[in-house]
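Here is a short tour for someone meeting this structure fresh. Have a look at the sequence and the 3D view, then read on.

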Amino acid sequence: KLKRGRGRAGKRRRRVSIETATCFRPACARLGAAAGANLRPLAPSRRPLRARWGLYTIIMAAAGAPDPAPAQPPGDAAARASVSNGEDAGRERELVELKIVWNKTKHDVKVPLDSTGSELKQRIHSITGLPPAMQKVMYKGLVPEDKTLREIKVTSGAKIMVVGSTINDVLAVNTPKDASQQDAKAEENKKEPLCRQKQHRKVLDKGKPEDVMPSVKGVQERLPAVPLSGMYNKSGGKVRLTFKLEQDQLWIGTKERTEKLPMGSIKNVVSEPIEGHEDYHMMAFQLGPTEASYYWVYWVPTQYVDAIKDTVLGKWQYF
């Protein structure tokens, strides 16, 4: 028992000695230097460790010295910040390849994936000269200005459709025409409305289709996510229009077949309200060099007329 007791006491002494060497002595030296006092004599004292620590704390408080700062772990805030900054920098450098299509012209560009819609408009302005305020940027619908390309899930190789007119185009449209042009326009206005012409009357006399999409008069809306359906073609058969913006194509579907037309091959788009049903239009897509190539579609909801012209022709239209 005596030997066992001495052994336990020896272990306690060794433990105190180790704690003194690793904790108390360095603390006394460091904090004593900060307070202008010599606390080394406390370290080899025979007082219990807890008593010595309390004594030195009282002395340091009286001297106005700060408490020792805890040691920073290996992964301290500075290291974590540097790692975070590295990740952010890597993300900023992540680029995505885009095909910008405007006015039937394609531009291949690389932009940061974390660019917002507003920043993308600025980049388009630098390429095309088209002011951001006059741009409509479309990717699976209108691109929001406050969201990033990453948030709207833009992928490499995506096609971005841009609709808009430059200042010069607007000025050219608003420039007064000469007398001959004005006379030609006046003569054209005297012509019989399209909806009264015999070739169109036989289709319109069938009446409005029951399954045609509803119209909203006095409102302009962007193209819906679903095809425009329930309309008639020139032969009186049902027709639907599907706008494939990613492929830059217009699909004209009937019961018999679906024609896939590149939007760049369509020369013009004309439309006119249907008399007595001004909330619907009759519309023609010019597929060749003359009016004989018009593909007519009847009962197009009026709120989509401008969006169809903008999307197919790739610029603002003034009618």
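The side chain of Lys-121 reaches the side chain of Glu-145 in a polar contact of 2.9 Å. Keep in mind that this is a predicted model. Lys-121 sits in helix α4. Is Lys-121 buried or exposed? Its relative accessible area is 10%, under the 20% cut-off, so Lys-121 counts as buried. Setting aside neighbours within four places in sequence, Lys-121 is in contact with Pro-132, Gln-135, Val-137 and Glu-145.

Further along the helix there is another residue to look at. Ile-127 also belongs to α4, which covers residues 117–128. With a relative accessibility of 31%, Ile-127 is partly exposed, because that value falls between the 20% and 50% cut-offs. What does Ile-127 touch, if residues up to four places away in sequence are not counted? The answer is His-107 and Val-109. Val-109 is 18 residues from Ile-127 in sequence, and their C-alpha atoms are 9.2 Å apart in space.

Now for what lies beside that helix. α4 lies across β1 (95–102), β2, β3 and β4, and runs at about 135° to β2. Which order do these strands take in their sheet? This open sheet of four strands goes β2-β1-β4-β3, with mixed pairing. Its edges are β2 (105–112) and β3 (136–138), each of which pairs on one side only. From one strand to the next, the twist averages 30°. β3 and β4 (residues 158–163) run antiparallel and are joined by three bridges. Val-137, one of the contacts of Lys-121, has Val-162 in β4 as its bridge partner.

There is a second sheet to explore. This one is open too, with seven strands in the order β8-β7-β6-β5-β11-β10-β9 and antiparallel pairing. At its edges are β8 (258–262) and β9 (268–274), and each pairs on one side only. The twist here averages 30° from one strand to the next.

Three of the antiparallel strand pairs are put side by side here, drawn from both sheets.

| Strand pair | Bridges | Residues opposite each other |
|---|---|---|
| β3 and β4 | three | Val-137 and Val-162 |
| β6 and β7 | five | Phe-243 and Leu-250 |
| β9 and β10 | seven | Ser-271 and Met-283 |

A little more on those pairs: β6 takes in residues 238–244, while β7 takes in residues 249–253. β9 and β10 form a hairpin with two residues between the strands, and there Gly-276 takes a positive phi near 85°.

The seven-stranded sheet has a helix of its own to look at. Helix α8 (residues 305–313) lies across β5 (228–233), β6, β9, β10 (277–286) and β11 (294–301). Relative to β9, α8 runs at about 170°. How many of the nine residues in α8 are buried? Eight are, so α8 is mostly covered. The buried residues are Val-305, Ala-307, Ile-308, Lys-309, Asp-310, Thr-311, Val-312 and Leu-313. Right after α8 comes Gly-314, and its phi is positive, near 75°.

To pull the two parts together: α4 lies across strands that include β2 and β3, the edges of the four-stranded sheet. α8 lies across five strands, β9 among them, and β9 is an edge strand of the seven-stranded sheet.

Conventions
Residues are numbered from 1 along each chain as its sequence is written. This is a predicted model: local features need pLDDT of at least 70, side-chain atom pairs count only at pLDDT 80 or more; totals for chains, interfaces and linings use all residues. Side-chain values use heavy atoms; hydrogens and water are left out. Two strands pair if DSSP finds at least two bridges between them. Axes are lines fitted to C-alpha atoms, for helices over the stretch in contact, and angles run from 0 to 180 degrees between N-to-C directions. Contact means heavy atoms within 4.5 Å. Buried means under 20% relative accessible area, exposed over 50%, partly exposed in between (1.4 Å probe, protein chains only). A polar contact is a pair of N or O atoms within 3.5 Å; within protein, one must be able to donate a hydrogen and the other to accept it, and residues adjacent in sequence count only if both atoms are side-chain atoms.
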